[in-house]
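Student: I have a model on screen and a list of labels for its parts. Please take me through how each label is earned.

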2 protein chains.
Amino acid sequence: MIARSFPARIALVSRIKGRGRSFFSPTQFPQLLLGAALLAAPAHADSLIDNVDGLTLTKSGKVERFTGMVVDKDGRVAKLLQRGDKRPDRGLDFRYDGKGRVLMPGLIDAHGHVMELGFKAMSLDLTAAKSLDEAKAMLAAYAKANPDRPWIVGAGWNQEQWGLGRFPTAADIDAIVPNKPVWLVRVDGHAGWANSVAMKAAGVSAATPSPSGGRIEKTATGQPAGVFVDAARQLIEKVVPAPQPRERDIALSKAQAILLGYGITGIADMGTSVEDWNVYRRAGDAGVLKVRIISYAMGLEPALAVAGAGPTPWLYDDRLRMVGIKLYADGALGSRGAWLKQPYADAPKESGLGFMDDAKIRNLMVRAAMDKFQVAVHAIGDRANAQVLSAIEEVAPSYRDDRRWRIEHAQIVDPADIARFGKFGIVASMQPTHQTSDRLMAEARLGPNRLAGAYAWESIRKTGAHLAFGSDTPVESPNPFPGMAAAISREDAQGQPFGGWQPQERVSREVALAGFTTEAAYAGQAEDRIGMLQPGLRADFVIVDTDPLESAPAQLRATKVLETWIGGQRAYVAK
Amino acid sequence: MIARSFPARIALVSRIKGRGRSFFSPTQFPQLLLGAALLAAPAHADSLIDNVDGLTLTKSGKVERFTGMVVDKDGRVAKLLQRGDKRPDRGLDFRYDGKGRVLMPGLIDAHGHVMELGFKAMSLDLTAAKSLDEAKAMLAAYAKANPDRPWIVGAGWNQEQWGLGRFPTAADIDAIVPNKPVWLVRVDGHAGWANSVAMKAAGVSAATPSPSGGRIEKTATGQPAGVFVDAARQLIEKVVPAPQPRERDIALSKAQAILLGYGITGIADMGTSVEDWNVYRRAGDAGVLKVRIISYAMGLEPALAVAGAGPTPWLYDDRLRMVGIKLYADGALGSRGAWLKQPYADAPKESGLGFMDDAKIRNLMVRAAMDKFQVAVHAIGDRANAQVLSAIEEVAPSYRDDRRWRIEHAQIVDPADIARFGKFGIVASMQPTHQTSDRLMAEARLGPNRLAGAYAWESIRKTGAHLAFGSDTPVESPNPFPGMAAAISREDAQGQPFGGWQPQERVSREVALAGFTTEAAYAGQAEDRIGMLQPGLRADFVIVDTDPLESAPAQLRATKVLETWIGGQRAYVAK
């Protein structure tokens, strides 16, 4: 199970960012730019949302139930109403009948990649292909649906699932798309599959040597066969055009549509480039930024370039803020890039790689903190988590005000280090669906005796750390309901393993909900405006078909979002 | 007279942009960030500006006089009042007594470089030094005033004025500043003067060869002497650190303070980088963007990156918009980079250089126009102007709506081409002070028989072209009053030549005023919101000590701005 590897994501990110030309045609999807705007209800003064089965967490962490809610003209909750409470009878501009359905706070994804979600939606997704023929059929359909696209770019193929006994070849694609370049990244990001036009565009021939750290698959006659492994990927990727600004705008529009459909009203964007930021601003300036984006710059440089000497203010009625920076302490487990204290169980000579030495990570954290940028550090392996914890312990005492040091993923933690999460207000930003997707792979990588601190949600929470939940979309689906279901059950969509994997790490329904609402808001320094339905906070809520606090994991996982409202405005209605 | 050469400006721009470290200390000038905000009067509802000697141009181009003005709560002019008109007696929140002083529309500079103005103000200016000793004294004073600055960077020296008979040396600086790097660019931008620490930082030694197209001045013993000519400049400049975001913010603050002091309430920023744009946005987000910036991106790339598929909306209550792109057809006259139809009179083998062939300039214009970006093309020489005119003639018919093709400078135009300005709504964006500063140089470059189309304001205006005026700051002072004085007199500050140089090209006082108000607004697609004091437009005005329509050139040149108001808020008061 290596689909979610760090290199795969980086391969995706590097493919779609930063270069000058475009693999998308500029004429695609113009209607999407206006989609979100058209869905929104007209602005109104005070509104009454009534006849709902409402629930929210409160500042004290308790569950509050209600049947009605007054929303003021600025889109903030004015009042929650109980069944017997008198409804306001004047000053109302809009009255909404919830017909008794469940209303809950808008979900906040504490860790996602907004633009990558949009780009993934725009490119060819082969993950569902169970055979080469299926992959070819999907390619043919995509090519037909996107005739103006100068390049076809996709990802997700896995020839191991195809019973093929070999890598696919350029000729396999040429049979479907002979006249424009095609580039398809393998599910793990470690290889790419090109057609002949793409290889020609890249100037790759029989004479091209495999680069150090990479391999060009060859045919019996010595010609490049079409698959480029590891460092050889770059031979093709360097000529895949970067998206144009218009396409970036479309990608954001697509990402927003997907997020709204899953009830996501806010998301921490974990690694915002200057280009990404410009897309968010364009949407904000045009009034089509709906989902609230809590932005963490992709390192210090874009943070300084965009935000200057400190986080930006909240912009566009609390829809956008660059609050901090994202750093990487290590890679991922699937590709054995996660940095472990002991060697990998399935690769005894490897223990992954730390991306920065202790001094460097500390210095970067200090540099960011000096200007009050929040710091979020990716740490998957136990060695990386220990490194980041040590860095926080060293740096935090110099910043006595509330800094909310974030550790992203905190996936494999040495049990001896777990208690360290409880100090300095550390936020553990974790992704419940990674546990259900990765558990077999984690067992293979770590062996049976080193799993006590793996995806250890409840143990970390009990230390007093803040536990925020996210999806890591597009690595996983951004749908938060499978995340909540995994959080309370540690069972996957098939109910496996029955009773849950390491079930002592299950969390309560309330903690799962908090992870995707109040704690995700806290993690993003936004708890004073979003995350719960309480007077003065933004009226971000969803109408769903399931009560998340009173349903079995399978029901919770299958929750359907019927409507999504942001700032008291309806932004999505299920068809 | 080569101080205003294009290479000099580019040298300045390239020195201060785009690299990773900083020559300014981050702790300088914190107070400046708040300066403009503190000066502003508190927000109020309707205001009455009364008892003024008011003047403005109107939509019909006439002069309107008034004695009072009602400003609404959004900072727009509600009504102009004549002497006998009844003043409103209710709904007023603020009443201002102008004490009979002259009130005129805020000035708009149709061509400037906002960030460069700020950076110039932050660096050492040696233009006033009349001897090496004076230069050393200025350096000593600057070093003392800026102790935290890791590099000292400056410009403006001219050893020809110093009676020195030699270039200055590194030792001359070492005697004043021995312990930190110093880099001082010559007045023409063609040479730089370093001290020993700077040369060491750059790794320059006796063994360093002069690069192609450049020369390292050497001592008698073969050591680098301190002066680096032309391409050799880069040896030092590559290690001069780029400003940090905080310093960029300070530079904008300084630029705004300077502009407000001269009554400039709006400026076309001719060549905005993505970094510049982020500075403007930070100021806008923080509420400290006062001067209205009409931004032309430095080429297509930043326009697409920032604005995407078309100009941005007006942001921050009409204080910022990226409306178009800036292109360069040629260089400048001083350095003989201006592209001429015939060879230079003082260099018969040279006729300058076109930066783009005809197809390329057309293609760029079409690409920009496709997305409704306005196009502003720098053209100094008659050959460059002819090229741009031809490109407009070829491209414009495809865009029948109002595109306002701009030619920046339009400095030397073949008389045979002047009539071509009258078609397609072309805007000639010209800088009157360039004429008074450059006339002797222009005479040398062109000879006596090719001056008929030089700085030909009135001839161009009479074709029906729009004539917008600017300063090209920081190449010239941004003070618009010497510009207006030059426009009506074609005499310099000493009244030379008496009666004006090529006096047939003088314009009327009304045309001069229009150039810096209504026509500058039109040139920036902003005439529906700024440029005149008329109901519905922004109340941007200045209180001055001279009536610009009733004063002699010398008086007009010496006009003192007493107060500057933007959007009905006072942003500057003279001390």
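**Reasoning from values to labels**

Tutor: Start with chain A, which has 19 helices and 22 strands. Keep in mind that this is a predicted model.

Student: What makes chain A as compact as a globular protein of that length?

Tutor: Set two values side by side. The radius of gyration of chain A is 24 Å, and the globule rule gives 25 Å for 575 residues. The two are close, so chain A is as compact as a globular protein of that length. Along the principal axes, the C-alpha atoms fill a box of roughly 85 × 55 × 50 Å.

Student: How many of the residues of chain A count as buried, and what must a residue show to be called that?

Tutor: The share is 55% of the 575 residues. The cut-off is 20 or more other C-beta atoms within 10 Å.

Student: What share of the contacts in chain A joins residues at least 24 apart?

Tutor: Take contacts between residues at least 6 apart in sequence. Of these, 74% join residues at least 24 apart.

Student: Which residues of chain A does UniProt list for a domain?

Tutor: An unreviewed UniProt entry lists residues 97-572 of chain A as "domain: Amidohydrolase". That label comes from the record and may be inferred rather than shown by experiment. In the model, the end C-alpha atoms of this span lie 16 Å apart. The span is 33% helix and 20% strand.

Student: How do you know how the two copies are related?

Tutor: Lay chain A on chain B. A turn of 180 degrees does it, with a shift of 0.0 Å along the axis and an RMSD of 0.1 Å. The two copies are thus related as by a two-fold rotation axis.

Student: What shows that the copies meet through the same surface?

Tutor: Compare the interface residues. 100% of those in chain A are also interface residues in chain B, so the copies meet through the same surface. In contact are 17 residues of chain A and 17 residues of chain B. On the chain A side, α8 (245-261), α9 (274-285) and α10 (300-307) each give two or more residues. α9(A) gives the most, with 5 residues. By type, the chain A side divides into 9 nonpolar, 3 polar and 5 charged residues.

Student: What makes β7 and β11 of chain B edge strands?

Tutor: Each pairs on one side only. They belong to an open sheet of 6 strands, in the order β7-β8-β9-β10-β12-β11 (chain B), with mixed pairing.

Student: How do you know that β8 and β9 of chain B pair?

Tutor: Count the bridges. Pairing needs at least two. Strand β8 (residues 152-157) and strand β9 (residues 182-186) of chain B run parallel and are joined by 5 bridges. The condition is met. As one example, B:Ile152 has B:Val182 as its bridge partner in β9(B).

Student: Why is strand β20 of chain A said to be covered on both faces?

Tutor: Look at its residues, 541-544. A:Phe541 and A:Ile543 on one side are buried, and so are A:Val542 and A:Val544 on the other.

Student: Which strands does β20(A) pair with?

Tutor: Strand β5 (residues 102-105) of chain A pairs with β20(A) in the antiparallel sense over 4 bridges. Strand β21 (residues 561-566) of chain A is also antiparallel to β20(A), with 4 bridges. A:Phe541 is the bridge partner of A:Pro105, and it stands opposite A:Trp565 in β21(A).

Student: Where is the cis peptide bond at A:Pro497, and what is its omega?

Tutor: The bond joins A:Gln496 and A:Pro497, with omega about -15 degrees. A:Pro497 is in the loop between α16 (480-489) and α17 (509-515) of chain A. In chain B, the bond from B:Gln496 to B:Pro497 is cis, with omega near -15 degrees.

Student: Why is A:Gln502 called buried?

Tutor: The cut-off is 20 or more neighbours. A:Gln502 has 20 C-beta neighbours inside 10 Å, so it counts as buried. It lies in the loop between α16 and α17 of chain A. Its phi is near 45 degrees, a positive value in a residue other than glycine.

Student: Is B:Lys99 buried or exposed, and what decides it?

Tutor: Exposed means 12 or fewer other C-beta atoms within 10 Å. B:Lys99 has 11, so it is exposed. B:Lys99 lies in the loop between β4 (92-97) and β5 (102-105) of chain B. Its phi is positive, about 55 degrees, although it is not a glycine.

Notes:
Residues are numbered from 1 along each chain as its sequence is written. Chains are lettered from A and ligands numbered from 1 in the order in which they are written. This is a predicted model: local features need pLDDT of at least 70, side-chain atom pairs count only at pLDDT 80 or more; totals for chains, interfaces and linings use all residues. Two residues are in contact if their C-beta atoms, placed from the backbone, lie within 7 Å. Ala, Val, Leu, Ile, Met, Phe, Trp, Tyr, Cys and Pro count as nonpolar, Asp, Glu, Lys and Arg as charged, and the others, Gly among them, as polar. The radius of gyration is taken over C-alpha atoms; the globule rule is 2.2 Å times the number of residues to the power 0.38. Copies are superposed by least squares on the C-alpha atoms of residues with pLDDT of at least 70 in both.
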